[in-house]
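Hello,

Here is the structure I promised to pass on. My notes on it follow below.

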Amino acid sequence: MCLGPAVHKYCEFSDWILPVDGATLGITNRAFKILMDQTIYLAVNCSIYIVAIGVLNGEPVENSAENVKNQLKPIMFTVWRFWPLVHCVTYALIPVRHHILRVIFVDLVRKAILASEA
């Protein structure tokens, strides 16, 4: 329920700091967007997910924080298997107005993968 607004704000922010207008700037900024999505955004999103799963399972927050330390790196490597390709398709073919819908749809797939890893 809170994913949509958070993703929307993140997409607005990334479009603001890394506009994809123009040929040269657009290609460079798309690469930087993919890098930012696959590092900062992914680490924050995965950490929140791991903590939420732990808390929903009745674990103390301290255990969930330890789970983040132990699980974040392997999960990020797993996610890197398909997300960069998804981003390339998104930034090249999908209109900006549909990026958030794509993020939410593909994120459902990613959450299924995270559920198997967590």
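**Cavities, salt bridges and a surface patch**

The largest cavity holds about 140 Å³ of space. It is lined by 15 residues, and those closest to its centre are Asp-37, Tyr-41, Trp-83, His-87 and Val-103. Four helices each give two or more residues to this lining: α1 (3–17), α2 (23–56), α4 (83–93) and α5 (99–117). By class, the lining has 8 nonpolar, 3 polar and 4 charged residues. Please keep in mind that this is a predicted model.

The structure holds 2 cavities of 30 Å³ or more. The second largest has about 40 Å³ of space. Its lining consists of Cys-11, Ser-14, Asp-15, Lys-33, Tyr-91, His-99, Arg-102 and Val-103. Here the elements that give two or more residues are α1 and α5. The lining divides into 3 nonpolar, 2 polar and 3 charged residues. Val-103 is among the residues closest to the centre of the largest cavity, and Val-103 also lines the second largest.

On the fold: the chain has 5 helices and 0 strands. From the N terminus on, the order is α-α-α-α-α. Of the 118 residues, 36% count as buried.

Next, the charged pairs. Side chains of opposite charge can pair when their charged atoms come close. The count comes to 2 salt bridges.

One joins Lys-33 to Asp-15, with the closest N and O atoms 2.1 Å apart. This pair links distant parts of the chain, since Lys-33 sits in helix α2 and Asp-15 in helix α1, 18 residues apart. Lys-33 has a relative accessible area of 1%, so Lys-33 is buried. Asp-15 has 26%, so Asp-15 is partly exposed. Both residues line the second largest cavity.

The other salt bridge joins Lys-9 to Glu-12, with the closest N and O atoms 3.7 Å apart. These two are 3 residues apart in helix α1, so about one helical turn separates them. Lys-9 is exposed, with a relative accessible area of 55%. Glu-12 is partly exposed, with a relative accessible area of 40%.

Last, the surface. Phe-13, Trp-16 and Ile-17 form a nonpolar patch there. Together they have about 360 Å² of accessible area. Phe-13 belongs to helix α1. At 40% relative accessibility, Phe-13 counts as partly exposed.

Best regards

Conventions:
Residues numbered from 1 in each chain as written. Predicted model: local features only at pLDDT ≥ 70, side-chain atom pairs only at ≥ 80, totals over all residues. Heavy atoms only, no water. 1 Å grid on protein atoms, 1.4 Å probe; cavity = no way out; pocket = protein on both sides within 12 Å on 5 of 7 lines; lining within 4 Å. Points joined across faces, edges and corners; volume = space filled by probe spheres on them. Nonpolar A, V, L, I, M, F, W, Y, C, P; charged D, E, K, R; others polar. Patch = residues over 30% accessible without salt bridge, like charges linked within 9 Å, V, L, I, M, F, W, Y side chains within 5 Å. Areas by Shrake-Rupley, 256 points an atom, 1.4 Å probe, with all protein chains shown as cover. Salt bridge = Lys/Arg side-chain N within 4 Å of Asp/Glu carboxyl O. Buried < 20%, exposed > 50% of the residue type's maximum accessible area, 1.4 Å probe, protein only.
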